[in-house]
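Got your viewer ready? Here's a short tour of one chain, stop by stop.

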Amino acid sequence: MSKKILIILSNANVIGPHNRRTGIFLPEVAHPYAEFDKVKYQVDFVSLTGDTPYLDALHLADDPANLSFLVGDGWARMQKAGKLSDVDVRPYDAIFVPGGLAPMVDMPEHPLLKQVVRETYERKAVVGAVCHGPVALLNVRLSDGSYIVDGKNITSFTNEEEENYAKTDVPFELETALTSQGAIFHTVPPWQPNSITDGLLVTGQNPASAQGVAEKMIKLLS
């Protein structure tokens with residue numbers, strides 16, 4: 001039976017005091033989608049509000065996986081993403097949260113998202129996220145009261161990367177926030193691939209890590 005993956009998306013399109021345009025960073029959804037599709041997984045999309053999510057980094061459309069996503073069924077299906085509150089997440093074998101700056105706007109405190117992450121993890125399904133997507137893990141408390149990231153080996157977009165990218169736009173630095181909740185944080189030089197598995201959690205540092213996150217999720221699900 002084919003595995004089922006639910007990609008959970010932000011609906012934000014601006015961030016910060018200067019109203020920087022943002023959305024889901026194209027490679028961070030397109031590259032994992034290509035990997036999941038390659039192994040014939042069922043991939044469904046939901047967003048927090050049910051409105052059509054925004055895409056960022058369309059200038060990278062010449063990348064084969066990105067272009068395939070845009071002109072194939074990936075983007076078409078993403079535009080029809082359902083609303084998280086309308087979806088029963090329990091049948092899914094994994095959830096995945098792509099980044100871009102958008103999740104930093106509407107995912108740090110979203111109650112239903114935190115519940116979904118906790119319940120998915122506690123029923124021993126796989127939880128994956130890349131770049132700013134691991135903000136979905138922030139403030140998630142398990143049933144025993146501990147933070148989901150406490151004592152876990154994870155990564156996300158780093159403070160060093162943020163310094164030269166969007167430090168004046170983001171409400172906080174994700175590396176610092178995750179570390180403050182007990183994460184054992186791992187980094188490589190900026191913009192280099194880095195994906196980490198710890199139990200059922202799979203995280204990636206930046207756009208170059210998106211494919212690796214999907215590959216590691218597939219390995220766990222195989």
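Start by selecting Trp191, which sits in the loop between strand E11 (184-185) and strand E12 (195-198). Check its backbone: phi is positive, about 70 degrees, although Trp191 is not a glycine. Is Trp191 buried, partly exposed or exposed? With a relative accessibility of 42%, Trp191 counts as partly exposed. Keep in mind throughout that this is a predicted model.

Another residue with a positive phi comes next. Select Lys40, in the loop between helix H1 (26-38) and strand E5 (42-47). Its phi is near 65 degrees, and Lys40 isn't a glycine either. Lys40 is exposed, with 64% relative accessible area.

Now step one residue along. Tyr41 belongs to the loop between H1 and E5 too. On which side of the buried cut-off does Tyr41 fall? Tyr41 comes out at 11% relative accessibility, and buried means under 20%, so Tyr41 counts as buried. To see what surrounds Tyr41, show its contacts beyond four places in sequence: Ser2, Lys3, Ile5, Phe36, Ile218, Leu221 and Ser222. For a distance check, draw a C-alpha to C-alpha line from Tyr41 to Leu200: 159 residues separate the two in sequence, and the line spans 18 Å.

**Zoom out**

Switch to a cartoon of the whole chain. You should find 8 helices and 13 strands. The radius of gyration is 16 Å, close to the 17 Å that the globule rule gives for 222 residues, so the chain is as compact as a globular protein of that length. Along the principal axes, the C-alpha atoms fill a box of roughly 40 × 40 × 30 Å.

Try a contact map while you're here. Among contacts with a separation of 6 or more, 75% join residues 24 or more positions apart.

Then colour by burial: 53% of the 222 residues are buried. Turn on the surface, and about 9,400 Å² is exposed, with carbon and sulfur atoms supplying 50% of that area. Colour by charge, and you'll have 19 positive and 27 negative charges, whose mean positions lie 7 Å apart.

**Into the core**

In soluble globular proteins, nonpolar side chains tend to be buried together. Here, the largest nonpolar core has 36 residues, and Ile8 and Ile148 touch the most other members. To frame this core, highlight the elements that give it two or more residues: strand E1 (4-9), strand E8 (94-97), helix H5 (111-122), strand E9 (126-130) and helix H7 (174-180). Which element gives the largest share of this core? That's H5, with 4 residues.

There is also a second, separate core, of 32 residues. Leu26, Ala57, Cys131 and Leu221 are included in it. You've met Leu221 already, as one of the contacts of Tyr41.

Back to the largest core: select Ile8 and expand to its contacts. Leaving out residues up to four places away in sequence, Ile8 touches Val46, Leu48, Leu84, Ile95, Phe96, Val97, Pro98, Met107, Leu113 and Val116.

From that list, pick Val97, which is in strand E8. Val97 is buried, at 2% relative accessible area. Which residues does Val97 touch beyond four places in sequence? They are Ile8, Met107, Gly128, Ala129, Val130, Gly133 and Ala136. Met107 is a contact of Ile8 as well. For another C-alpha to C-alpha line, go from Val97 to Ala208: the pair is 111 residues apart in sequence and 15 Å apart in space.

**Last stop**

Finish on helix H3 (residues 73-78), where you'll find Arg77. Arg77 is partly exposed, with a relative accessible area of 31%. Apart from neighbours within four places in sequence, Arg77 is in contact with Tyr33, Val43, Asp44 and Phe45. How far is Arg77 from Val43, in sequence and in space? The two are 34 residues apart along the chain, with 9.3 Å between their C-alpha atoms.

Definitions and conventions. Residues are numbered from 1 along each chain as its sequence is written. This is a predicted model: local features need pLDDT of at least 70, side-chain atom pairs count only at pLDDT 80 or more; totals for chains, interfaces and linings use all residues. Side-chain values use heavy atoms; hydrogens and water are left out. The radius of gyration is taken over C-alpha atoms; the globule rule is 2.2 Å times the number of residues to the power 0.38. Buried means under 20% relative accessible area, exposed over 50%, partly exposed in between (1.4 Å probe, protein chains only). Contact means heavy atoms within 4.5 Å. Accessible areas come from the Shrake-Rupley method with a 1.4 Å probe; for residues, only the protein chains shown count as cover. Lys and Arg count as positive and Asp and Glu as negative; His and the chain ends are not counted. The place of a charge is taken as NZ of Lys, CZ of Arg, CG of Asp or CD of Glu. A nonpolar core is a set of buried Ala, Val, Leu, Ile, Met, Phe, Trp, Tyr and Cys residues joined through side-chain atoms within 4.5 Å.
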